[in-house]
Amino acid sequence: MTSRIAKSQRLRLHRVCCRFRHDRRGIVGIMFVVVFSLLIGTFVLALGRRSLAEHQRDVRRQTIRLLESAIKSAEQIEVPVEQEIRLPVDQTSDEWIEVRLLDESDERRRYRATHRRGDRIGMSITRSESRSVGGE
């Protein structure tokens, strides 16, 4: 009879130990899932930031190209000093480029082009044009 009692106590002790092992494995599994999720989330955020920065650089380059082409158009028109011309970009969104000849000398002209949308002033660039002397 004592052996039966001892056997049943050992069996209960064994069940408790096994249950504790299973609980420990579950906790380790949950921790692994959480750490892996954080790792994946960090990777996705880094990719998103990189993609956004690349998109912003592309938009900036396109705007600079647009402003430079507006200055080239103003050079061909030969805008008088301190007079501005307004070149429409998109009339539905009230977007345009304002080009102004800042100063003019015998050898150079300086133009400023400013991107505008409604009342907001956007990017602005200033470029100089070398004038050829001697009728070339």
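This passage walks through the fold, the core and a few side-chain pairings of the protein.

The model is a predicted one. The protein is built from one helix and four strands, and reading along the sequence gives the pattern α-β-β-β-β. Helix α1 covers residues 2-77 and is followed, after a loop, by β1 at 84-90. Strands β2 (95-104) and β3 (108-117) come up again below as contributors to the core, and strand β4 takes in residues 120-130.

As for how much is tucked away, 17% of the 136 residues count as buried. The accessible surface adds up to about 11,200 Å², with 55% of that belonging to carbon and sulfur atoms. Looking at contacts with a separation of 6 or more, residues 24 or more positions apart make up 28% of them.

Now for the inside. In soluble globular proteins, nonpolar side chains tend to be buried together. Here, the largest nonpolar core holds 12 residues: Leu67, Ala70, Ile71, Ala74, Val79, Ile85, Ile97, Val99, Leu101, Tyr111, Ala113 and Ile125. The elements giving two or more residues to this core are α1, β2 and β3, and α1 supplies the largest share, with four residues. Tyrosine 111 is a handy member of the core to follow. Leaving aside residues up to four places away in sequence, tyrosine 111 touches a list of residues that includes Ile71, Ala74, Val99, Leu101 and Ile125, each of them also a member of the core. Charged residues turn up among the contacts of tyrosine 111 too, including Glu75, Arg100, Arg127 and Glu129.

Not everything buried is nonpolar, and glutamate 95 shows this. Glutamate 95 sits in strand β2 and counts as buried because its relative accessible area is 12%, under the 20% cut-off. Its side chain is joined to that of histidine 115 by a polar contact of 2.6 Å. Beyond the residues up to four places away in sequence, glutamate 95 touches Pro88, Val89, Asp90, His115, Arg116 and Arg117. Arginine 120 makes a useful contrast. This residue belongs to strand β4 and counts as exposed, because its relative accessibility is 56% and the cut-off is over 50%. Arginine 120 and glutamate 95 are 25 residues apart along the chain, with 9.5 Å between their C-alpha atoms.

Rings get a look-in as well. The count of aromatic pairs comes to one: phenylalanine 32 and phenylalanine 36 are stacked, at 6.2 Å centre to centre and with 15° between the planes. Both phenylalanines lie in helix α1, four residues apart, or about one turn of the helix. Phenylalanine 32 is exposed at 58% relative accessibility, whereas phenylalanine 36, at 45%, is partly exposed. Another ring, that of tryptophan 96, has the charged end of arginine 86 sitting over it, 3.6 Å from the ring centre.

Last comes the loop between α1 and β1, where proline 80 is placed. Proline 80 has a relative accessibility of 43% and so counts as partly exposed, a value between the 20% and 50% limits. Along the chain, proline 80 is 24 residues from glutamate 104, and the C-alpha atoms of the two are separated by 9.0 Å.

Conventions. Residues are numbered from 1 along each chain as its sequence is written. This is a predicted model: local features need pLDDT of at least 70, side-chain atom pairs count only at pLDDT 80 or more; totals for chains, interfaces and linings use all residues. Side-chain values use heavy atoms; hydrogens and water are left out. Buried means under 20% relative accessible area, exposed over 50%, partly exposed in between (1.4 Å probe, protein chains only). Contact means heavy atoms within 4.5 Å. Accessible areas come from the Shrake-Rupley method with a 1.4 Å probe; for residues, only the protein chains shown count as cover. A nonpolar core is a set of buried Ala, Val, Leu, Ile, Met, Phe, Trp, Tyr and Cys residues joined through side-chain atoms within 4.5 Å. A polar contact is a pair of N or O atoms within 3.5 Å; within protein, one must be able to donate a hydrogen and the other to accept it, and residues adjacent in sequence count only if both atoms are side-chain atoms. Rings of Phe, Tyr and Trp (its six-membered ring) pair if their centres lie within 6.5 Å; planes under 30 degrees apart count as stacked, over 60 as edge-to-face and the rest as tilted. A charge sits over a ring if NZ of Lys or CZ of Arg is within 6 Å of the ring centre and within 35 degrees of the ring normal.
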